[in-house]
Amino acid sequence: MYALFDDAGRFHAGRVLSDAETSLQIELESGKRVKVKAANVMLRFDKPAPAELIARAQALAGEIDLDLAWEFAPEADFGFAELAREYFEPGAGPEQQAAALFRLFEAPHYFRRLGRGQFRKAPEETVKAALLAIERKRRQAEQIEAWAAEIAAGHCPEPVREQLYRILFKPDKNASEYRAVVEATKRTHRAPLELLKAAGAIESPYQFHWRRFLFEAFPRGTAFPPKLEAPRIAEPLLLAEGVQAFSIDDSATTEIDDALSVRGLGTGTVTYGIHIAAPGLAITPDSALDKLARERLSTVYMPGWKITMLPADVVQAFTLVEGRECPAVSLYATVDEATLEVRAFETRLERVAIAANLRHDKLDARVTEEALAAVSAGTLASAEAGFPFAGELAFGWRLAQALKAAREVVRGKPETFNRPDYSFRLAAADSAAAADQATDQATDEAASEPTGNERVVITPRRRGAPLDLIVAEAMILANSHWGGWLAEHGVPGIYRSQASLAPGIKVRMGSKPLPHAGMGVPHYTWATSPLRRCVDLVNQWQIIAVARQGRMAALVAPFKPRDAALFALISAYEAAHAAYHDFQNGIERFWTLRWLQQNGVTELDCAVMKDGLVRAETLPLVFRALGAEALPRGARVRVKITGTDLLTLDLHASLLGRIDDPATTADDAPVDEAEIEEAAESAGPLTLAIDVSGDGEASNEAATASSN
């Protein structure tokens, strides 16, 4: 006696060794003996042999017409043997019964499984819907096959091209386009980016990085909604008497948020003015412009282009352009001219005359420490200094040095500027004077959106240069004072804090006025860039409320303590800031690699960081150099560039040798571990959210793509 039984949806047959009331002992063809519940035995038979029965039944099952079987099936619940007698013949034998069982079991869209060999006929509507789904799946499989074959052959189907960035970075892993790319990748054994580039899906590396960013950060595009005009300031503002303010920015800057003024030089008491553009006097919370600012959250900067937080017309209405009397939130610090002690502060809402927009790239070479010291000492007359506002800048530099020194006492160690900043300028690649044009570029970020083919000029700019220090310390002074001022009046703001300078302790944003160890101040807001950052605009509203209402400000300020909208804004800003920062770093890395290619640079002098990471001495570039893994931090080396990939932003290099004296290189040189971690991430290959693992299943893990 033999028996056919169900084992968790799989059918086996064997010789019955013993048959009890509730279970059977069955020997399989392999010789293995299994205990089977009686309820799981579907069929008992004497012949043919088990293996032969299963083979014949499977072949016969494939011949059963499911539509015809569905027609023959009873309306009530039925067993597979009953259907076999209806479909084949009244005396259907074991092979036919087993065939009916197999066919019924594999067609749940026609017949519902009830267990123990029992089935129920599915409703006609269910059958039709299931058949349509099966047909769709078949066509989808055919489409995936066709697209995969095209991609593997070097041609990208248009639907795949249209979904390129979704496929690579935010895929629907059930979509045909995604599955076609995965299938083509498996067939060709090529990395997804390499394969898609070869198929023509990626028109250029620059456009790939740019369009990817737009896809992730600006899915609806970067255009502003129509009819967003700059609102007027309702209240009359007095003109600041005797103030002639000047701003200090790059020539490409159009969102001029801040300006400075100095009055009373030579009197012993100086009034130092910090004037911030005041869109918060006109843009109201929950207005269309506020909603736009909260959506974009900040201006996005990149070489040759920018995406502003606010429309150009709105920016121009409030930017501190020379020759205009601009609305401003002004902070006046009363300073002892001799000791540089700050004795008092006053905040005013007013109009300020902007006398000049000074530009770093035109003045940095002339406004030096030596020149400013000579003006301060009286050995060089202001009129002979060779730059405007010489006396005011000399005082601002003295004050900045004093403020910085005071912060460093709180920090417990000095701030160091070991590495330069870099300016990127782009010019048309076919211009005979491209480099000169790029260096002299002095209007907007660019006349048009870059294509990636421009000639790039990278210029180092020393961090902590006098003009930089003057502006930086003035803004720190304002942001720190206003942070404490809001707290004194019980008005919440958005603060940046850092518990300590210990490794791994990062700067955080929150609504509490906590100390900022990195800055060396008791509290620190962002309130000096309201045209560029939504956080600053929000803080400006809070400052305006205090300036207008004083002790009553807590009742009328737009944001109240523990305001959920304030917490939501902080969270959204941090996410956007990280995304914008990553993109800016990535696109600057692209242009740096382009600079290497355009200038035919094959060797670089670098400083060793850690674990094979090196930093170029004259470029904003960190990468891994083969052979530098065992060298101490700070060692100066020369490396040979062996390859660059503008798509993955990889740079491959190997060590040529050291260019310093090993005896003078300390392995315990100060190092910022957070900086190294960030550098290591930026130096790594591009990561994709596309899974090409061998099992073919979608994975949530990012697969690292490299064309090497």
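This note sets out, in numbered points, the main features of a predicted model of one protein chain.

1. Overall dimensions. The protein chain has 708 residues. Its radius of gyration is 36 Å, whereas a compact globule with that number of residues would have one near 27 Å. The C-alpha trace extends over about 120 × 65 × 50 Å along its principal axes. The accessible surface amounts to about 33700 Å², and carbon and sulfur atoms contribute 50% of that area.

2. Secondary structure and contacts. The protein chain contains 21 helices and 26 strands. Among contacts with a separation of 6 or more, 66% link residues that lie 24 or more positions apart. Buried residues account for 48% of the protein chain.

3. The largest nonpolar core. This core comprises 81 residues, and the members that touch the most others are Phe213, Leu310, Leu604, Leu621 and Phe623. Helix H20 (residues 564–598) supplies the largest share of the core, with twelve residues. A second core, separate from this one, has 55 residues, including Ile248, Leu358, Ala371 and Ala385.

4. The surroundings of Leu310. Which residues is Leu310 in contact with, leaving aside neighbours within four places in sequence? They are Phe224, Ile283, Leu289, Ala293, Val315 and Leu531. As noted above, Leu310 is among the members of the largest nonpolar core that touch the most other members.

5. Strand S14 and its partners. Strand S14 covers residues 325–336, and ten of its twelve residues are buried. Strand S11 (residues 269–277) runs antiparallel to S14 and is joined to S14 by nine bridges. Within this pairing, Thr271 has Thr334 of S14 as its bridge partner. Strand S15 (residues 342–359) is also antiparallel to S14, with eleven bridges between the two. Here Glu325 is bridged to Ala353 in S15.

6. The turn between S14 and S15. These two strands form a hairpin in which five residues lie between them. Leu340 is in the turn and has a positive phi of about 65°.

7. Strands S21, S22 and S24. Strand S21 (residues 613–616) pairs with strand S22 (residues 622–626) in the antiparallel sense, through three bridges. The two form a hairpin with five residues between them. Val614 is placed opposite Phe623 in S22, and Phe623 is also one of the residues with the most contacts to other members of the largest nonpolar core. On S22 there is a further pairing, with strand S24 (residues 650–658), which is parallel and has two bridges. In that pairing the partner of Leu626 is Ser654 in S24.

8. A buried serine in a loop. Ser529 lies in the loop between strand S19 (508–510) and helix H18 (534–549). Is Ser529 buried or exposed? Its relative accessibility is 11%, so Ser529 counts as buried, the cut-off being under 20%. Not counting residues up to four places away in sequence, Ser529 touches Asp257 and Asp536.

9. Cysteines. The structure has zero disulfides. Cys156 has a relative accessible area of 1% and is therefore buried. Cys326 counts as buried because its relative accessibility is 2%. Residue 326 falls within strand S14 (residues 325–336), where ten of twelve residues are buried.

Terms used: Residues are numbered from 1 along each chain as its sequence is written. This is a predicted model: local features need pLDDT of at least 70, side-chain atom pairs count only at pLDDT 80 or more; totals for chains, interfaces and linings use all residues. Side-chain values use heavy atoms; hydrogens and water are left out. Helices (H or I, at least four residues) and strands (E, at least two) are DSSP runs, numbered from the N terminus. Buried means under 20% relative accessible area, exposed over 50%, partly exposed in between (1.4 Å probe, protein chains only). Contact means heavy atoms within 4.5 Å. A nonpolar core is a set of buried Ala, Val, Leu, Ile, Met, Phe, Trp, Tyr and Cys residues joined through side-chain atoms within 4.5 Å. Two strands pair if DSSP finds at least two bridges between them. The radius of gyration is taken over C-alpha atoms; the globule rule is 2.2 Å times the number of residues to the power 0.38. Accessible areas come from the Shrake-Rupley method with a 1.4 Å probe; for residues, only the protein chains shown count as cover. A disulfide is a pair of cysteine sulfur atoms within 2.5 Å.
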